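User: Could you walk me through this structure with a few questions and answers? I would like to see the reasoning behind each answer.

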Amino acid sequence: MAGPPVVIWEQEVEGLLHYRELVPRLEEALGKFSRRDSAEVIQPVRTTLTLQKHHGFLGLMPTYMENDGVLCTKFVCFYKREDGSSLPAVQATLVLLDPEYGNVKAVMDGELITGMRTAAVSAISAKLLMRPEAEVLAILGTGKQALSHYNAFTEMFSFKEVRVWSRTRQKAESFCRSVSGPVTVCVSVQEAVRGADAIVTVTRCTEPVLFGQWVKPGAHVAAVGACRPDWRELDDVLMKEAVVYADSREGAMAESGDVILSGAEVFAELGEVINGTNTAHREKTTVFKSLGMGVEDAVSAQLVFDQWKAKTSQP
């Protein structure tokens, strides 16, 4: 009979999960997802329940990877918070199961895993789509996703300048103190993105905050916020002029207000570029619309569990 599940808290996850192991696992997973082979990945579009009283949603994200023996579900609550709110915008829990017996093997705090796997996939999009000579990174937003994206992008790329914008200077300055390298605080979005080669949008905005007229031709945008069909971060001009990529076409068409409301076409999935079945248009302005996928959580959770077993010498 199976024993009780392992519980892995955020502090433990932090010591077990690193971008150098996570990025290649996620690249492989994105490629598997885009092959649409049910023996490799079965992953429905995220199911959401409205938490009307609390202005939020519960998302359920199950994934089964038959060939790899991975069965995982994430429960994620995300909210439309007012500026200045002390309540969390996202809370997540990951459950790893044994696909043969059906028992729960591990329960993990999902907040750090979500932040790191999201940032890692954004960095993969930049690896595939950003111009190799990129020098300037702009980050719009200063929350936990902004920090994870700063860490992933500065670990994987050598930018000469990193800029940040927030609705309040206090948050921007706090962000600068929390990171390990120099950051320029910008008073407006336009100032932050002017001439930037890579732009990361990790805001709580529900209306466009980044406008195409401000974006340098040939820049790469990783758009991470606005994960509901009526929320947006990017305007019509940017969405229609750029070549748009996504982690999942189905996810983008069901959940992304940036895609749905602009009428933009998703040119390709990142996995298709990884598999060589579609093109990386580095020479053009590109947008990667990130919604997040269960398969990203599944391989991340399995990596954490494997590292935990190795550390504790568990069979």
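## Around Arg232

Analyst: Happy to! In this predicted model, Arg232 touches Cys205, Thr206, Glu207, Pro208, Ala226, Met239, Gly257, Asp258, Leu261 and Ser262, leaving out residues up to four places away in sequence.

User: Is Arg232 buried or exposed, and what is its relative accessible area?

Analyst: Arg232 sits in the loop between β11 (220–223) and α7 (236–241). Buried means under 20% relative accessible area. Arg232 falls under that cut-off, so it is buried, at 10%.

User: How far apart in space are Arg232 and Arg117?

Analyst: In sequence, Arg232 and Arg117 are 115 residues apart. From C-alpha to C-alpha, their separation in space is 22 Å.

User: Thanks! Which domains does the assignment give, and how far apart do the C-alpha centres of domain 1 and domain 2 lie?

Analyst: The domain assignment splits the protein chain into domain 1 (6–113 + 295–312) and domain 2 (125–292). Their contact takes 25 residues from domain 1 and 28 residues from domain 2. The C-alpha centres of domain 1 and domain 2 are separated by 22 Å.

User: Where does the largest nonpolar core lie, and why?

Analyst: This core has 68 residues, and those with the most contacts inside it are Met108, Ile139 and Phe159. Helix α3 (residues 111–129) gives the most to it, with 11 residues. Residues of the core come from both domain 1 (6–113 + 295–312) and domain 2 (125–292), so the core lies between them.

User: What is in contact with Phe159, leaving aside its neighbours within four places in sequence?

Analyst: Phe159 is one of the residues with the most contacts inside the largest nonpolar core. With its neighbours within four places in sequence set aside, the contacts of Phe159 are Met130, Ala134, Glu135, Val136, Leu137, Phe153 and Ala198.

User: Which residues does the second, separate core include?

Analyst: That second core is separate and has 29 residues. Among them are Leu210, Ala242, Val244 and Ala264.

User: Let's turn to the helices. How are α2 and α4 oriented to each other?

Analyst: Two packed helices are described by the angle between their axes and the distance between the axes. For helix α2 (residues 19–34) and helix α4 (residues 144–156), the axes come within 11 Å and cross at roughly 90°. Angles of 65 to 115 degrees count as roughly perpendicular. The description of α2 and α4 is therefore roughly perpendicular.

User: Which residues in α2 and α4 meet, and how many of each class are there?

Analyst: From α2, Tyr19, Arg20 and Val23 meet Ser148, Asn151, Ala152, Glu155 and Met156 in α4. By class, the contact of α2 with α4 has four nonpolar, two polar and two charged residues.

User: Is Leu96 buried or exposed, and how far is it from Cys72 in space?

Analyst: Leu96 belongs to strand β5 (residues 90–97). Its relative accessible area is 0%, so Leu96 is buried. Not counting residues up to four places away in sequence, Leu96 touches several residues, including Val70, Leu71, Cys72, Met108 and Phe305. Leu96 and Cys72 are 24 residues apart in sequence, while their C-alpha to C-alpha distance in space is 4.6 Å.

User: And Glu111: is it buried or exposed?

Analyst: Glu111 is part of helix α3. Leaving aside neighbours within four places in sequence, Glu111 is in contact with Val90, Gln91, Ala92 and Lys144. With a relative accessible area of 18%, under the 20% cut-off, Glu111 is buried.

User: What about Arg131: what does it count as at its relative accessibility?

Analyst: Arg131 lies in the loop between α3 and β7 (136–140). Leaving aside neighbours within four places in sequence, Arg131 is in contact with Pro217, Gly218, Arg282 and Glu283. At 29% relative accessibility, Arg131 counts as partly exposed.

User: One last topic, the backbone. What is phi of Arg36, and what is phi of His55?

Analyst: Arg36, in the loop between α2 and β2 (47–51), counts as partly exposed at 40% relative accessibility. His55, in the loop between β2 and β3 (56–65), counts as exposed at 54%. Neither residue is a glycine, yet phi is positive: near 55° for Arg36 and about 55° for His55.

Definitions and conventions: Residues are numbered from 1 along each chain as its sequence is written. This is a predicted model: local features need pLDDT of at least 70, side-chain atom pairs count only at pLDDT 80 or more; totals for chains, interfaces and linings use all residues. Side-chain values use heavy atoms; hydrogens and water are left out. A nonpolar core is a set of buried Ala, Val, Leu, Ile, Met, Phe, Trp, Tyr and Cys residues joined through side-chain atoms within 4.5 Å. Buried means under 20% relative accessible area, exposed over 50%, partly exposed in between (1.4 Å probe, protein chains only). Helices (H or I, at least four residues) and strands (E, at least two) are DSSP runs, numbered from the N terminus. Domain bounds come from an automatic or database domain assignment. Contact means heavy atoms within 4.5 Å. Axes are lines fitted to C-alpha atoms, for helices over the stretch in contact, and angles run from 0 to 180 degrees between N-to-C directions. Angles under 35 degrees count as roughly parallel, over 145 as roughly antiparallel, 65 to 115 as roughly perpendicular and the rest as oblique. Ala, Val, Leu, Ile, Met, Phe, Trp, Tyr, Cys and Pro count as nonpolar, Asp, Glu, Lys and Arg as charged, and the others, Gly among them, as polar.
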